[in-house]
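Subject: Structure handover

Hello,

Here is the structure I promised to pass on. Please open it alongside this note, and my findings follow below.

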Amino acid sequence: AENVDFESVRDDFPVLDQQVKDNPLVYLDNAASSQMPSCVADRIDAYHRNEHANVHRGIHTLSQKATDAYELARKKIRHFINAEHEDEIIYTTGTTDSINLVANSFGERFIEQGAEILVTEIEHHANIVPWQMIAERYGAKVQVVPVNDDGEIIWDEYVALLNENTAIVAVGHVSNALGTIHPVKKMIEAAHTQDIPVLVDGAQAVPHSPVDVQGLDADFYAFSSHKMCGPTGFGILYGKKKYLEEMPPYRGGGDMIDKVSFEETTYNISPHKFEAGTPPIAAGVGFAEAIDYLSNIGMQNIAHHEQELLEYGTEQLLSIDGLRVIGTSKKKASVISFVFDDIHATDVGTILDEQGIAIRTGHHCAQPTMRRFNVPATARASISFYNNREDIDRLVAGIKKAKSIFE
Ligand code: PMP
């Protein structure tokens with residue numbers, strides 16, 4: 001798919017074709033959750049209507065059918081992010097769940113008193129709080145890599161913070177609050193010179209560009225289905241086999257065991273060791289369809305199209321008097337975060353909604369990021385491949401209207 005017709009792609013998303021407050025909907029809240037194409041909704045529907053049964057345990061045909069459909073997702077995801085082994089793909093309920101799994105399980109095995117956990121100053125709360133909880137449990141410390149005024153990590157400070165006590169580096173691939181693309185490949189390389197593993201929070205990266213976990217040499221990579229055309233309640237943790245084998249289970253129950261007795265219980269191998277209980281089967285089946293859908297369009301094509309829109313959008317927004325973009329790195333994906341000194345972000349968002357334009361306002365689950373840039377909140381427009389220049393133009397007109405109301 002070299003020359004994708006991104007205008008006709010919009011027809012795959014019936015949700016876009018609706019009026020909100022008497023205006024055609026403009027959806028620019030994709031960083032929170034992207035929309036679902038018909039093929040994914042249809043796949044989930046067909047699963048529920050014709051294929052549903054519990055997985056991994058039934059001798060009967062329907063259960064095997066459900067298991068096959070659900071396990072097919074693992075193959076597709078392995079291929080999509082270029083993992084070496086299928087059993088390095090762990091199903092979770094989302095990025096938050098994936099990071100909590102690593103924090104708890106890796107933490108139990110590898111984090112001890114005096115250890116350091118390195119995160120950046122602009123992480124999502126999902127990549128801060130689980131580490132703080134684990135640090136408190138084991139007497140470790142969360143260290144923070146500062147960012148410059150553009151929202152990029154300060155390289156020398158990062159390197160200086162890596163030391164023999166560093167148990168793990170946890171970094172967002174793309175910041176959801178600012179859109180900054182962190183130089184994760186380089187960061188991983190630097191950490192590996194001291195044998196320090198790196199977890200990448202890829203929630204905002206996988207939906208917007210090709211990701212190759214082996215190319216990055218990431219030790220863990222986490223992402224969510226609902227930000228990339230799939231349903232909510234499903235996500236992925238990629239982990240290198242050498243770590244997964246060493247890590248204890250995170251939750252106990254059915255499916256994750258080998259043998260259970262009151263004297264001794266032994267565990268299943270990875271990935272099942274980490275997948276206790278009946279999983280979100282329909283969501284996994286739907287996510288497999290979403291992966292196919294995105295692969296058909298081509299992640300490189302998506303990245304290219306979105307970069308063009310991001311540039312156009314940034315240029316147009318900056319032409320508005322008094323608008324300040326927070327996060328001015330040249331290496332960004334999808335997100336334009338902005339503020340006015342004299343209008344609160346919430347008011348901008350409310351006036352935009354009156355015109356059918358959906359953006360997000362607030363701290364974006366990144367309060368330390370807001371603090372770093374001395375703002376209580378930002379308004380955030382986040383782009384997907386089904387957006388177009390008309391959406392950006394409507395956004396600009398909408399913001400100008402908000403300005404005229406509040407000035
Ligand atoms: N990390 C980042 C960078 C995110 O953008 C998000 C979602 N806003 C998360 C983690 C958490 O993802 P989820 O809510 O799907 O678990």
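Which residues of strand E4 (residues 89-92) point one way, and which the other way? Ile 89 and Tyr 91 take one side, Ile 90 and Thr 92 the other. All four are buried. Please keep in mind that this is a predicted model.

E4 has a partner. Strand E10 (residues 235-239) pairs with E4 in the antiparallel sense, over four bridges. Within E10, Leu 237 is the bridge partner of Ile 90.

Next, helix H4 (residues 95-110). Its length checks out: 16 residues at 1.5 Å a residue should span 22 Å, and the end C-alpha atoms lie 21 Å apart, so the two agree. Most of H4 is covered, with 13 of its 16 residues buried.

Now the ligand. The shell around the ligand holds 13 residues. The closest are Gly 94, Thr 95, Thr 96, Asn 176 and Ser 224. By class, the shell has nine polar residues, three nonpolar and one charged.

On to the domains. The assignment splits the chain in two. Domain 1 covers 6-30 + 298-406, and domain 2 covers 41-296. Their centres, taken over C-alpha atoms, are 28 Å apart. Domain 1 puts 22 residues into the contact and domain 2 puts in 23. On the domain 1 side, three elements give two or more residues each: helix H11 (299-318), strand E14 (335-340) and helix H13 (367-372). H11 gives the most, with five residues. That side of domain 1 is made up of ten nonpolar, eight polar and four charged residues.

One residue to look at in H13 is Met 370. Is Met 370 buried or exposed? Met 370 has 20 C-beta neighbours inside 10 Å, so it counts as buried. The cut-off is 20 or more, so Met 370 meets it. Beyond its neighbours within four places in sequence, Met 370 is in contact with His 363, Val 375, Pro 376 and Ala 377. For a sense of distance, take Asp 258. Asp 258 and Met 370 are 112 residues apart in sequence and 47 Å apart in space, C-alpha to C-alpha.

I would start at Ile 90 and its bridge partner Leu 237, then go on to the ligand shell with Gly 94 and Thr 95 among its closest residues.

Best wishes

Conventions:
Residues numbered from 1 in each chain as written. Predicted model: local features only at pLDDT ≥ 70, side-chain atom pairs only at ≥ 80, totals over all residues. Domains from an automatic or database assignment. Contact = placed C-beta atoms within 7 Å. Nonpolar A, V, L, I, M, F, W, Y, C, P; charged D, E, K, R; others polar. Near = placed C-beta within 6 Å. Buried ≥ 20, exposed ≤ 12 C-beta atoms within 10 Å, placed from the backbone. Expected span 1.5 Å × (residues − 1). Pairing = 2+ DSSP bridges.
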